[in-house]
Amino acid sequence: MAKKRKPPSIKEEPSGSDLEDENFGSPRTFDPDFKGPVADRSCTDVLCCIIFILFIIGYILLGLMAWVHGDPRRVAYPTDSNGHFCGQKGTPNENKTILFYFNLFSCTSPSLLVNLQCPTTQICVSKCPEKFLTYMEMHFMYRTRENYWSYYSQFCKAASAKPVKAFTQLLLDDDCPTAIFPSRPFLQRCFPDFSTKNGLLTIGNKTTFNDGSGKTRNVVELRAAANGVNKILDARAIGMKVFEDYATTWYWILIGLTIAMLLSWMFVILLRVTAGFLFWVFILGVIGILAYGIWHCYQEYSKLQEKPNSHLSIYNIGIQTDISMYFQLKQTWFTFMIILAILEVIVIVMLIFLRDRIRVSIALLKEGSKAIGYIPSTLIYPVLTFIFLSICISYWAVTAVYLATSGTPIYKVIAPEGQCEHENKTCDPEIFNTTEIAKACPGAHCNFAFYGGKSLYHQYITTFQIVNLFIFLWLINFVIALGQCTLAGAFASYYWALKKPDDIPPHPLFTAFGRAIRYHTGSLAFGSLILATIQMVRLVLQYLDNRLKDAQSNISRFLQCCLKCCFWCLEHVVKFLNRHAYVMIAIYGQNFCRSARDAFNLLMRNVLKVAVMDRVTEFVLTLGKILVAGCIGILAFLLFTERIPMIVEGPTSLNYYWVPLLTVIIGSYLIAHGFFSVYAMCIDTIFICFLEDLERNDGSTARPYYMSQSLLKIMSKQSSQTKKQ
């Protein structure tokens, strides 16, 4: 009887180098009872688990406290100078849904309008003024036609049977505006109804008008007072057009996203048997898409050669709300063409230099595809992660809104002329006219400013918002860590099954999820806490940069830029280590620190293999995402620009075809990312298990390798080539 041939062994080849074993710990000794993820395990990082649970309980209590004190109606409804909501049901302002400003010229800063802190009286009205009319004109015309007062009184604090006050008394009491002019409601506020006639800016077909105080004002002055608001009005027009495009193309967008999901699923299934073929399809597909983009940009560039004004630069035309204007410039298409050409060269150069290492990636893709084929439930897990993330984001957003709207109305002294020493002091509108402040500052008003309070809760609103943000980051990272540990446990069960698929335990995904929740909540919370702390520091640095941008010197800007760069690098390093630490936790059931140390030592002992695998595998999967998004994007482009009417008739008369196009492309990429992220975790887990397999076993009958023979053969060949080099 012929002697059974011993499986090939690569144990003699040092993992990285012999020196690495000494510097980064010794390989694990052989354990004859090790058959995959440890079943007999205990709870890890219990202290961090308790702290995490206490934080969650505190987070729930914070949300309840914010819910009790907050009032989101303060966001939904504008507030008048007395702190009353406009349009709120069950109040005298129920039918008055729009906020009206007495003197818009006082609002020199556009931000004051948005924050409801414009230094002028604000009241709730049922409609905005539709014509020019001053108080003096109305007072004169009232003698012959009483309906002038009935119209004008809509915009006064309190209606009366007739205008009894003189103009000087009106200015002191501030009961009515000195003038009204054509306006239109936007964001439930009356803003000037600007229009353009023969190239001139007008309002109600006038370029000048009387402001009610005897001054003749130019429309440009009014435009300057509401300059920021007018930009919002322009944005509103764009927003309406975008909404129309979505209303026209929503079903085409859903069809495109459905095709993207099916295409991603098909690629995942086909990778099991045709990983090499599909990889080259990915490569050629990306190269083809980039080539088509270069050709299309060149065609558009050539068409614009003969058109007037196409030679202008983006700098010449400045910032425009009409995006299509940029596509009428040669410079735009030339820039796109250069960018695509650079990307094309980068892809081709990477293929040339990484052609040998790509074989290893293809082997891992095949192995990963087999694992997913045996555990198909892993493709559904990203949906569960999406649900958890949606809950966290929704809870954080709702809590932030309730915290921001907590408190009672706070009133401040506002002087339109800015010449009052008591300006910005707290006041009471009920008795303001009888106080010394009203006498010392004629023309000053006691207007609503914001919501706040003097209780302990209201004093720490800002602190609560910071805590809300920090716990949100902690929960987000915990959910991601839970998904990574769960998938790692499921794929590790596949790898350490000696006879696949017979030895794979039943329901490996649900078993891994249960183990992660039951035993390793503390470890996952520990790793996510470290990452959340780093992200919080990065947010603080970004906040300080925005707040102190104008006051910083060149040295401070440089130091802050260095800090931001260092913490960005630190965040990505920690993410890399955490990801592999969760794999070790899923396999051995040890605490976070020991798992992170073991993962780090294992990777450093095999640093050459890590260098080969990590970036190349990510490159392959990224190409898959780009190809899915690119294929759907090209089809959507041809459809929305009516390039294939003979095949299918798409939507016509779109305002901005790029709006649904970008929606389809981004949505397709996110869908593909969900599928391929499972693949990425699968490959990382198999790679870690493979390295552990090499150190534990030698390929003999007593200590057989758990990896597939095809993977062992390719990795052995790759190790030999590395050794020769």
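**Warm-up.** Is Trp-396 buried, partly exposed or exposed? This is a predicted model, so treat each exercise as a reading of that prediction.

*Solution.* Trp-396 has a relative accessible area of 28%. Partly exposed covers the range between under 20% and over 50%. Trp-396 is therefore partly exposed.

**Exercise 1. Sort two aromatic pairs.** Work out how the rings of Tyr-301 and Phe-334 are arranged, then do the job again for Trp-396 and Phe-472.

*Solution.*

Step 1: Start with the overall tally, which is 19 aromatic pairs in the whole structure.

Step 2: Take Tyr-301 and Phe-334, whose ring centres are 5.9 Å apart with the planes at 40 degrees. Stacked needs under 30 degrees and edge-to-face needs over 60, so this pair is tilted.

Step 3: Find the two residues on the chain. Tyr-301 belongs to helix 9 (residues 227-303) and Phe-334 to helix 11 (residues 330-353), so the pair links distant parts of the chain, 33 residues apart.

Step 4: Check the surroundings. Tyr-301 has 21% relative accessibility and counts as partly exposed; Phe-334, at 39%, also counts as partly exposed.

Step 5: Now the other pair. The ring centres of Trp-396 and Phe-472 lie 4.8 Å apart and the planes make an angle of 25 degrees, so these rings are stacked.

Step 6: Trp-396 sits in helix 13 (residues 381-404) and Phe-472 in helix 16 (residues 461-495), so parts that are 76 residues apart in sequence get tied together. Phe-472 comes out as buried, with 12% relative accessibility.

**Exercise 2. More rings.** Which residues do ring pairs link into a cluster, and over which ring does the charged end of Lys-131 sit?

*Solution.* The cluster is made of Phe-52, Phe-55, Phe-470, Trp-474 and Phe-478. As for Lys-131, its charged end sits over the ring of Tyr-151, 4.7 Å from the ring centre.

**Exercise 3. Describe a helix crossing.** How do helix 20 and helix 22 lie relative to each other, and which residues make the contact?

*Solution.*

Step 1: Two packed helices are described by the angle and the distance between their axes.

Step 2: For helix 20 (residues 592-605) and helix 22 (residues 658-696), the axes come within 11 Å and cross at roughly 75 degrees.

Step 3: Angles from 65 to 115 degrees count as roughly perpendicular, so that is the label for helix 20 and helix 22.

Step 4: Helix 20 brings Leu-602, Leu-603 and Arg-605 to the contact, while helix 22 brings Ile-688, Leu-691, Glu-692 and Glu-695.

Step 5: Sort those residues by type, and you get four nonpolar, three charged and no polar.

**Exercise 4. Place two residues.** Are Glu-344 and Val-659 buried or exposed, and what does each touch beyond its sequence neighbours?

*Solution.*

Step 1: Glu-344 is in helix 11. Its relative accessible area is 12%, so Glu-344 is buried.

Step 2: Setting aside neighbours within four places in sequence, Glu-344 contacts Val-286, Ile-287, Leu-290, Ala-291 and Ile-294.

Step 3: Val-659 is in helix 22 and is buried, at 6% relative accessible area. With the neighbours within four places left out, Val-659 contacts Val-242 and Tyr-246.

**Exercise 5. Spot the positive phi.** Where in the chain are Asp-45 and His-507?

*Solution.* Asp-45, with phi near 50 degrees, is in the loop between helix 1 (18-23) and helix 2 (46-69). His-507 has a positive phi of about 50 degrees without being a glycine, and sits in the loop between helix 16 and helix 17 (508-519). His-507 is exposed, at 58% relative accessible area.

Methods:
Residues are numbered from 1 along each chain as its sequence is written. This is a predicted model: local features need pLDDT of at least 70, side-chain atom pairs count only at pLDDT 80 or more; totals for chains, interfaces and linings use all residues. Side-chain values use heavy atoms; hydrogens and water are left out. Rings of Phe, Tyr and Trp (its six-membered ring) pair if their centres lie within 6.5 Å; planes under 30 degrees apart count as stacked, over 60 as edge-to-face and the rest as tilted. Helices (H or I, at least four residues) and strands (E, at least two) are DSSP runs, numbered from the N terminus. Buried means under 20% relative accessible area, exposed over 50%, partly exposed in between (1.4 Å probe, protein chains only). A charge sits over a ring if NZ of Lys or CZ of Arg is within 6 Å of the ring centre and within 35 degrees of the ring normal. Axes are lines fitted to C-alpha atoms, for helices over the stretch in contact, and angles run from 0 to 180 degrees between N-to-C directions. Angles under 35 degrees count as roughly parallel, over 145 as roughly antiparallel, 65 to 115 as roughly perpendicular and the rest as oblique. Contact means heavy atoms within 4.5 Å. Ala, Val, Leu, Ile, Met, Phe, Trp, Tyr, Cys and Pro count as nonpolar, Asp, Glu, Lys and Arg as charged, and the others, Gly among them, as polar.
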